[in-house]
Amino acid sequence: MAAKTYTPYTPWEFDRPEWIQKAQAQLEFYKDVFVRRGDLPHLFLESAWGECGFLEDAAFMAEAAMTVFGVSGRVEALDFAVQLTEYALKKFEDPSKGGFFVCPQDRLDLWINRVDIQDSAQPSAYAVFCDVLWALYRETGETRYASSAERAIRRILKTAELKNGGYLRLARGV
């Protein structure tokens, strides 16, 4: 692995050691769940995990792992980001057109599996995952991460150009 170069967008949020420790502990918890289950569940209710999650679960957790790596330098966090990314590429990437579906491709009970790119109250998982792919490309040198991000952005570029606004996070990747 390359030396730590990733810098989170808001490192001031983790300027206290106890916050970094809490973030690391939470990341370890989810890593344990991910390793035991082989997927990342969407919710936890009444002592039971829900079904396999959505793109947002993997994208935001991978971003959290990259942030912990960025503020702590812990390679374990980078490794977890890589594991989550590989999982998300396998479960959510559209191999024919590029880009990412909201739900896993193996969900046979869904009639429609859409590609959602628009930011709303929170950034779109699509945009967050593109950011993660670019960050991992810079950290690991794995060109397939950059290729996947480029294909994803190319897929939705025309839509983003036609609609005004709602793509602030995605614009960083363009």
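# Reading rings, helices and a core

Mentor: Welcome! A good place to start is with the aromatic rings, since this structure holds six aromatic pairs. One of them joins phenylalanine 29 and tyrosine 30, with ring centres 5.2 Å apart and planes at 80 degrees, an edge-to-face arrangement. Keep in mind that this is a predicted model.

Trainee: How should I read such a pair in general, and what is the arrangement of phenylalanine 34 and tyrosine 87?

Mentor: Two things describe a pair of aromatic rings: the distance of the centres and the angle of the planes. Phenylalanine 34 and tyrosine 87 also form an edge-to-face pair, at 5.4 Å centre to centre and 85 degrees between the planes. Phenylalanine 34 belongs to helix H1 (residues 17-37) and tyrosine 87 to helix H3 (residues 75-92), so this pair ties together parts that are 53 residues apart in sequence.

Trainee: Are phenylalanine 34 and tyrosine 87 buried or exposed?

Mentor: Buried means under 20% relative accessible area. Phenylalanine 34 is at 9%, so this residue counts as buried. Tyrosine 87 is buried too, with a relative accessible area of 9%. By contrast, phenylalanine 29 is partly exposed at 39%, and tyrosine 30 is partly exposed at 26%.

Trainee: Which residues do ring pairs link into a cluster?

Mentor: Ring pairs link Phe34, Phe80, Tyr87 and Phe92.

Trainee: Let me step back to the whole chain. What pattern does the protein chain follow along the sequence?

Mentor: The pattern reads α-β-β-α-α-α-α-α, which comes to six helices and two strands. The protein chain has 174 residues, and 44% of them count as buried. Contacts add another view: among those between residues at least 6 apart in sequence, 59% join residues at least 24 apart.

Trainee: How many residues does the largest nonpolar core have, and which have the most contacts inside it?

Mentor: This core has 40 residues, and Phe100, Phe129 and Leu136 have the most contacts inside it. At least two residues of the core come from each of H1, helix H2 (55-72), H3, helix H4 (125-140) and helix H5 (143-162).

Trainee: At what angle do the axes of H2 and H3 cross?

Mentor: They cross at roughly 160 degrees and come within 8 Å of each other. Angles over 145 degrees count as roughly antiparallel, and therefore H2 is roughly antiparallel to H3. Their crossing is left-handed. Residues making the contact include Leu55, Met61 and Phe69 of H2, and Val75, Phe80, Tyr87 and Phe92 of H3. You have already met Phe80, Tyr87 and Phe92 in the ring cluster.

Trainee: And how do H3 and H4 pack?

Mentor: Here the angle is about 130 degrees, and the axes are 11 Å apart. H3 and H4 are therefore oblique to each other. This crossing is also left-handed. Among the residues in contact are Leu78, Ala81 and Leu89 of H3, and Phe129, Leu133 and Leu136 of H4. Phe129 and Leu136 are familiar names from the nonpolar core.

Trainee: One last stop: where does serine 72 lie, and which residues does serine 72 touch?

Mentor: Serine 72 lies in helix H2 and is partly exposed, with a relative accessible area of 25%. Leaving aside residues up to four places away in sequence, serine 72 touches Ile20 and Gln24. Proline 17 is 55 residues from serine 72 in sequence, yet their C-alpha atoms are 9.4 Å apart in space.

Notes: Residues are numbered from 1 along each chain as its sequence is written. This is a predicted model: local features need pLDDT of at least 70, side-chain atom pairs count only at pLDDT 80 or more; totals for chains, interfaces and linings use all residues. Side-chain values use heavy atoms; hydrogens and water are left out. Rings of Phe, Tyr and Trp (its six-membered ring) pair if their centres lie within 6.5 Å; planes under 30 degrees apart count as stacked, over 60 as edge-to-face and the rest as tilted. Buried means under 20% relative accessible area, exposed over 50%, partly exposed in between (1.4 Å probe, protein chains only). Helices (H or I, at least four residues) and strands (E, at least two) are DSSP runs, numbered from the N terminus. A nonpolar core is a set of buried Ala, Val, Leu, Ile, Met, Phe, Trp, Tyr and Cys residues joined through side-chain atoms within 4.5 Å. Axes are lines fitted to C-alpha atoms, for helices over the stretch in contact, and angles run from 0 to 180 degrees between N-to-C directions. Angles under 35 degrees count as roughly parallel, over 145 as roughly antiparallel, 65 to 115 as roughly perpendicular and the rest as oblique. A crossing is left-handed if the near helix is turned anticlockwise from the far one by less than a right angle, and right-handed if clockwise. Contact means heavy atoms within 4.5 Å.
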